[in-house]
Amino acid sequence: MSAKYAFTKTLKEVRFLFCHTGEGSAATRTFLTRAYPTMKKNNPFTPILLREASGTLPKVYARYEFGKEQSKSLEGLTDKQIEDAVTQLVKTDAAA
C-alpha cells in the first residue's frame, strides 16, 4: 500500500471535502482514518488537507504545478473505490 501513495512530483496539494456526520461521507471518513497516516508518512512535505463541513458531499481535489486542479466526487463510493480514485489522482501528472 505504501507505494500506492507515493505522490507524483508535480502534485502540490491534496484536499478532501466531506461531512463529519453524514452517511454519504462514512466511507470517506473510514478511508482517511486508515490511509492518511500512510499517505503522510510517504509524502511528508505535501499538504493533505481535510475539510469537514456539515452537509458537504465527499470530494477529493488534487492541485498540481501551475495551479492546475483535478477533482473527483467520492459520493456513493466504497472504501476500495475511494482508494482507487485517490490513487489515480495522486499518480497523474496534470498535463491533461
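In this predicted model, strands β3 and β4 run antiparallel and are joined by 5 bridges. Within that pairing, Ala 62 stands opposite Gln 70 in β4, and the hairpin that the two strands form has 4 residues between them, with Phe 66 taking a positive phi near 60°.

The hairpin belongs to an open sheet of 4 strands, whose order is β2-β1-β3-β4 and whose pairing is mixed. At the edges lie β2 (48-52) and β4 (69-73), each of which pairs on one side only, and from one strand to the next the twist averages 15°. In general terms, the strands of a sheet pair through backbone hydrogen bonds, either parallel or antiparallel.

Strand β3 (residues 59-64) also pairs with β1 (residues 11-18), and these two strands run antiparallel with 6 bridges between them. The table lists residues that face each other across the pairings of β3.

| Residue | Partner | Strand of the partner |
|---|---|---|
| Leu 11 | Tyr 64 | β3 |
| Glu 13 | Arg 63 | β3 |
| Ala 62 | Gln 70 | β4 |

A further contact involves side chains: the charged end of Arg 15 sits over the ring of Tyr 61, at 4.8 Å from the centre of that ring.

Helix α1 (residues 26-42) lies across β1 and β2, and its direction is at about 155° to β1. What aromatic pair does the structure hold, and how is it arranged? The structure holds 1 such pair, formed by Phe 16 and Phe 31, which is tilted, with 6.2 Å from centre to centre and 50° between the planes. Because Phe 16 lies in strand β1 and Phe 31 in helix α1, the pair ties together parts that are 15 residues apart in sequence. Both Phe 16 and Phe 31 are buried.

These two phenylalanines also belong to the largest nonpolar core, which has 20 residues, and in which Phe 7, Phe 16, Phe 31, Met 39 and Val 86 touch the most other members. Two or more residues of this core come from each of β1, α1, β3 and α2 (79-91), and α2 gives the largest share, 5 residues. As a general tendency, nonpolar side chains in soluble globular proteins are buried together.

Phe 7 deserves a closer look. Leaving aside residues up to four places away in sequence, Phe 7 touches Val 14, Met 39, Asn 43, Thr 46, Ile 48 and Val 90. Among these, Met 39 is itself one of the core residues that touch the most other members.

Conventions
Residues numbered from 1 in each chain as written. Predicted model: local features only at pLDDT ≥ 70, side-chain atom pairs only at ≥ 80, totals over all residues. Heavy atoms only, no water. Pairing = 2+ DSSP bridges. Axes fitted to C-alpha atoms, helices over the stretch in contact; angles between N-to-C directions. Contact = heavy atoms within 4.5 Å. Phe/Tyr/Trp six-rings, centres within 6.5 Å; stacked < 30°, edge-to-face > 60°. Buried < 20%, exposed > 50% of the residue type's maximum accessible area, 1.4 Å probe, protein only. Lys NZ or Arg CZ within 6 Å of the ring centre and 35° of its normal. Core = buried A, V, L, I, M, F, W, Y, C linked by side-chain atoms within 4.5 Å.
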